[in-house]
Amino acid sequence: MKLAIEANLDYYFYQPTDVLLQIEVAAIPEQIIESANIDVPNCLHFARIAAQDGIGERIWMRIEGPMKVAYRATVSVNRIVN
């Protein structure tokens with residue numbers, strides 16, 4: 001099964017704010033990421049951090065002003081049969 005995923009965030013921060021993004025598809029054996037793209041605005045700080053148990057990544061940003069984030073991915077999901 002193939003899934004198309006899209007997420008759009010639109011926020012405004014009046015002072016410097018730390019933001020944690022957890023919207024990207026995790027690379028796990030049960031699914032294949034065919035394509036993925038995330039557009040983030042210029043920010044004061046940007047860091048990718050490994051997620052718990054090494055499943056995916058988190059993005060920490062420090063931002064002030066407008067924050068528009070666009071994420072798109074296409075994923076093939078393998079069905080697990082017991």
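Helices (H or I, at least four residues) and strands (E, at least two) are DSSP runs, numbered from the N terminus. The structure is a predicted model, in which local features need pLDDT of at least 70 and side-chain atom pairs count only at pLDDT 80 or more, while totals for chains, interfaces and linings use all residues. Residues are numbered from 1 along each chain as its sequence is written, and side-chain values use heavy atoms, with hydrogens and water left out.

**Overall form**

The protein chain has 0 helices and 4 strands, and its pattern along the sequence is β-β-β-β. The C-alpha trace spans about 50 × 25 × 15 Å along its principal axes. The radius of gyration of the protein chain is 15 Å, where a compact globule of 82 residues would have one near 12 Å; this radius is taken over C-alpha atoms, and the globule rule is 2.2 Å times the number of residues to the power 0.38.

Contact means heavy atoms within 4.5 Å. Among contacts between residues at least 6 apart in sequence, 72% join residues at least 24 apart.

**Surface and charge**

The accessible surface of the protein chain is about 5,900 Å², and 50% of this belongs to carbon and sulfur atoms. Areas come from the Shrake-Rupley method with a 1.4 Å probe; for residues, only the protein chains shown count as cover. Of the 82 residues, 24% count as buried, a term that means under 20% relative accessible area, with exposed over 50% and partly exposed in between (1.4 Å probe, protein chains only).

The protein chain carries 7 positive and 10 negative charges, whose mean positions are 4 Å apart. Lys and Arg count as positive and Asp and Glu as negative, while His and the chain ends are not counted. Each charge is placed at NZ of Lys, CZ of Arg, CG of Asp or CD of Glu.

**The nonpolar core**

A nonpolar core is a set of buried Ala, Val, Leu, Ile, Met, Phe, Trp, Tyr and Cys residues joined through side-chain atoms within 4.5 Å. The largest one here has 13 residues, and those with the most contacts inside it are Val19, Leu21, Ile38, Met61, Ile63 and Met67. Strand 1 (2-21) and strand 4 (57-77) each supply at least two residues of this core. Strand 4 gives the most, with 8 residues.

Not counting residues up to four places away in sequence, Met61 touches ten residues listed by name: Thr17, Asp18, Val19, Leu21, Val40, Pro41, Cys43, His45, Phe46 and Met67. Pro41 lies in the loop between strand 2 and strand 3 (45-50). Beyond four places in sequence, Pro41 touches Met61, Ile63, Pro66, Met67, Lys68 and Val69.

**Selected strand residues**

Asp10 is in strand 1 and is exposed, with a relative accessible area of 56%. Leaving aside neighbours within four places in sequence, Asp10 is in contact with Met67 and Lys68.

Arg72 lies in strand 4 and is partly exposed, its relative accessible area being 39%. With residues up to four places away set aside, Arg72 touches Ile5, Glu6, Asn8, Ser35, Ala36 and Asn37.

Gln31 is found in strand 2 (residues 31-39). On the same basis, Gln31 touches Val25, Ala26, Val75, Ser76 and Val77.

Some C-alpha separations are tabulated below.

| Pair | Apart in sequence | C-alpha to C-alpha |
|---|---|---|
| Asp10 and Met67 | 57 residues | 5.8 Å |
| Pro41 and Leu9 | 32 residues | 11 Å |
| Arg72 and Gln22 | 50 residues | 13 Å |
| Gln31 and Ala51 | 20 residues | 17 Å |
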